[in-house]
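Please open the model in the viewer and keep the selection tool at hand. The tour proceeds one selection at a time.

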Amino acid sequence: MSGNGSAPLAALARDSRSWACYDCGKCTATCPIARVGGHYSPRRQVLAALAGDREALVAGDALLKCLTCGLCQERCPAQVAYTDLVRELRVLMRKDVAEPECPHGGSLQSIMRMMGRGGTTQDRLGWIGPDLRTERTTGAVFYWAGCAAYYDAFFTEYELAITDASRAAVALMNRAGVAPVVSADERCCGHDLLWNGDHEGFERLAKHNVDLVAASGAETLVTSCAECLRTWAIDYRPYFGGKVPRMLHVTQFIAEHAGELGLTPGGGSAGGARRVTYQDPCRLARHLGIYEAPREVLHALPQLELVEMGKSRASATCCAGGTWSYCDRYAKKIQVDRLREARATGAEMLVTACPKCQIHFRCAMKDPRLGDDIGIVMRDVAQLALEALGRFPTPASTATRG
Amino acid sequence: MTPPSAAFNPHIVVFACNWCSYAGADTAGVSRIAHQPHFRMIRVMCSGRIQPGFVFRAFENGADGVLVSGCHLGDCHYVSGNERAVEQFAKMKAVLKILGMEEERLRLEWISAAEGVRFAKVIDEFTDRVRALGPGPFAGTRAATEAVLAGTGSGS
């Protein structure tokens, strides 16, 4: 497999600043997989890319093991863009070497590729229900629902309700006076195909989705999915033709409309009735730098206290399965450790802002021997916000908060 | 039975368990029961093995219909594998519904080793049903799939 093709490797090494690596090893020291004993070394991967050693790059599934969580990149003193390097390497080496052994039997990749090919009329809006105000084709704001409906249908064993988070998001948008476009013709954003090296499949989806949102005339796009947001904000850049919509995570939307929603910034209470802790999704946090919006929302919710885990914000451990490219006992260990950390805060709930966090942590909680140790209720930030507003419906009642 | 020269002959993938349905197909064969031939059969050890990814991939690569088959409930060679097949099948159905695929392109049937007649009947009915629906939504990918298969060899 070695030999020709070292020129693209060299270009990737250059573009990811791998040439700046001074072999300090901080990346491997901080890598969540390496920390739980998994044999994975970002440092060695960077050196192999520099040396043009294709065989070393793919040996032992090395290319697929990376969580692409970006923690090593956060620590790297030479700003090597390791996560970008891994993504591009997967694209480069997909054809000749690395057909990923996809978790869940490749189901999710197949679903994405079928969506990419089109030709069917999706029945994906069943979650909306009669009480939400939405538009179908045109409007100023587009609510990007992502694959929530698919996840609820597929991961039935995890008691998921990702579409409840979608409903909460739209309900909050309604309360802020926005009836967003929710389209039946939306397709997977392609995040996972891109991160599994299927650039062709990704591009098909990207072009369709960019056209769809452009045709809606929306100037703002709001989503509940951290991965969709990353994909829209960063990976769709080459595909925008006309005006690029403003792209917001639902937590940013809620924070921006706090006043209209009757939320007082900082209006939450230390020693509040309920303690919750927050899981920073890797895409929302390290990839996009959105740390404050979810916290602002949580801090504004009455009778609720946010307690941080030891590893939070830029240091947060991810859910260990973000790209459907690999899952093994080390992923499980990372999840179990993270859930223990969440439990150790004394919180009764783990709040997050990405469907994937919920899927993977709920999977870990299925362990029959650990269930009692690591079990914790999980909710999306928007669900909590809507619930709090339901309980404290008028802005006036917030004055009584301690 | 529609002859193979019909205007449209669907491409159907049949997943069959080793102990019942595959043997049922065998019974149909040794009994010389005629049935339509427009399917490719994939033998698995148990219908519980047939995970959604198998079926999704079949459709993605251009199948017009997929039949999942196994031992009758209560008769599973591995006691409860076909109960798992039922759970898996429900997921496939739910996902394909959201995706907008016609429901009848995917079917679950229990066929025992003795039921050669029933095997032939199920195949004929399903083939006619899928023929009536026409090519599947991703049938256009089949040429590419077949080229890949031809390029890498059949393994035989």
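Are α1(B) and α4(B) roughly parallel or roughly perpendicular to each other? This is a predicted model, and the first stop is that pair of helices.

**Stop 1: two helices of chain B**

Select helix α1 (residues 21-30) and helix α4 (residues 116-133) of chain B. Two packed helices are described by the angle between their axes and the distance between the axes. Here the angle is about 100 degrees, and the axes are 7 Å apart. Angles of 65 to 115 degrees count as roughly perpendicular, and α1(B) and α4(B) are therefore roughly perpendicular to each other.

Next, display the residues that meet. From α1(B) these are B:Gly24, B:Ala25, B:Thr27 and B:Ala28, and from α4(B) they are B:Gly116, B:Arg118, B:Phe119 and B:Ala120. By class, this contact has four nonpolar, three polar and one charged residues.

Colouring chain B by confidence is also instructive: its mean pLDDT is 93, and 94% of its residues reach 70 or more.

**Stop 2: where chain B touches chain A**

Now show both chains. In this model, which scores ipTM 0.91 and pTM 0.93, 19 residues of chain B are in contact with 20 residues of chain A. On the side of chain B, select α2 (52-60) and α3 (81-99), the elements that give two or more residues to it. The largest share, seven residues, comes from α2(B). The residues on this side of chain B divide into eleven nonpolar, four polar and four charged.

**Stop 3: the nonpolar core**

Which residues touch the most other members of the largest nonpolar core? Select A:Tyr143, A:Leu172, A:Ala382, A:Ala385 and B:Val55, out of the 174 residues in this core. Its largest share, eight residues, comes from helix α11 (residues 162-175) of chain A.

Centre the view on A:Ala385. Leaving aside neighbours within four places in sequence, A:Ala385 is in contact with A:Leu172, A:Ile254, A:Val297 and A:Leu301.

**Stop 4: an enclosed helix of chain A**

Finally, select helix α14 (residues 226-235) of chain A. Why is this helix described as largely enclosed by the rest of the structure? The reason is that eight of its ten residues are buried. These buried residues are A:Ala226, A:Glu227, A:Cys228, A:Leu229, A:Arg230, A:Thr231, A:Trp232 and A:Ala233.

To see what covers the buried residues of α14(A), add elements of chain A including the strands β1 (141-144), β2 (220-223) and β3 (246-249). Then add the helices α12 (191-195), α17 (283-287) and α20 (355-365) of chain A, which also belong to this cover.

Definitions and conventions:
Residues numbered from 1 in each chain as written. Chains lettered and ligands numbered in written order. Predicted model: local features only at pLDDT ≥ 70, side-chain atom pairs only at ≥ 80, totals over all residues. Core = buried A, V, L, I, M, F, W, Y, C linked by C-beta atoms within 7 Å. Buried ≥ 20, exposed ≤ 12 C-beta atoms within 10 Å, placed from the backbone. Helix = DSSP H or I, 4+ residues; strand = E, 2+ residues; numbered from the N terminus. Contact = placed C-beta atoms within 7 Å. pLDDT = per-residue confidence, 0-100. Nonpolar A, V, L, I, M, F, W, Y, C, P; charged D, E, K, R; others polar. Axes fitted to C-alpha atoms, helices over the stretch in contact; angles between N-to-C directions. Parallel < 35°, antiparallel > 145°, perpendicular 65-115°, else oblique.
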